[in-house]
Amino acid sequence: MSYTPSGGSATNIKAIVNDEYFGIDGESVDIEGKQIFLTCRTADAPSAAHNDTFVFESTTFKVVNVRPDGTGFTEMILEEQ
């Protein structure tokens, strides 16, 4: 997969991509959807930030949340572009 820091150059990194379903019970209407996020080694994207992009499966995704876990891995929530 291709990773491009905002304003930087693209590099290829390895990551695990998850496409999770979520559901929220409402009083009259339930909400459901999905959220795409990936997990990579922090060393592969050490300055990961909002608006960085990933390209995989011919689709571009923008980073909307960055969550380093303190153990050498970072999880990023993505938004399809």
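**Figure 1. Burial and exposed surface of the protein chain.** Of the 81 residues in the protein chain, 22% are buried, where buried means under 20% relative accessible area, exposed over 50% and partly exposed in between (1.4 Å probe, protein chains only). The model is predicted: local features need pLDDT of at least 70 and side-chain atom pairs count only at pLDDT 80 or more, while totals for chains, interfaces and linings use all residues. Residues are numbered from 1 along each chain as its sequence is written, and side-chain values use heavy atoms, with hydrogens and water left out. About 5400 Å² of the protein chain is exposed, and carbon and sulfur atoms supply 48% of that area (Shrake-Rupley method, 1.4 Å probe; for residues, only the protein chains shown count as cover).

**Figure 2. Strands of the protein chain.** The protein chain has seven strands and zero helices, these being DSSP runs numbered from the N terminus (strands E, at least two residues; helices H or I, at least four). Its pattern along the sequence is β-β-β-β-β-β-β. Along the principal axes, the C-alpha atoms fill a box of roughly 45 × 30 × 20 Å.

**Figure 3. A nonpolar surface patch.** F22, I24 and I31 together form this patch, with about 270 Å² of accessible area. Patches are made of residues with over 30% relative accessible area and no salt bridge (a side-chain nitrogen of Lys or Arg within 4 Å of a carboxyl oxygen of Asp or Glu); nonpolar side chains (Val, Leu, Ile, Met, Phe, Trp, Tyr) are joined within 5 Å, like charges within 9 Å. F22 lies in strand β3 (residues 15-24) and is partly exposed, at 34% relative accessible area.
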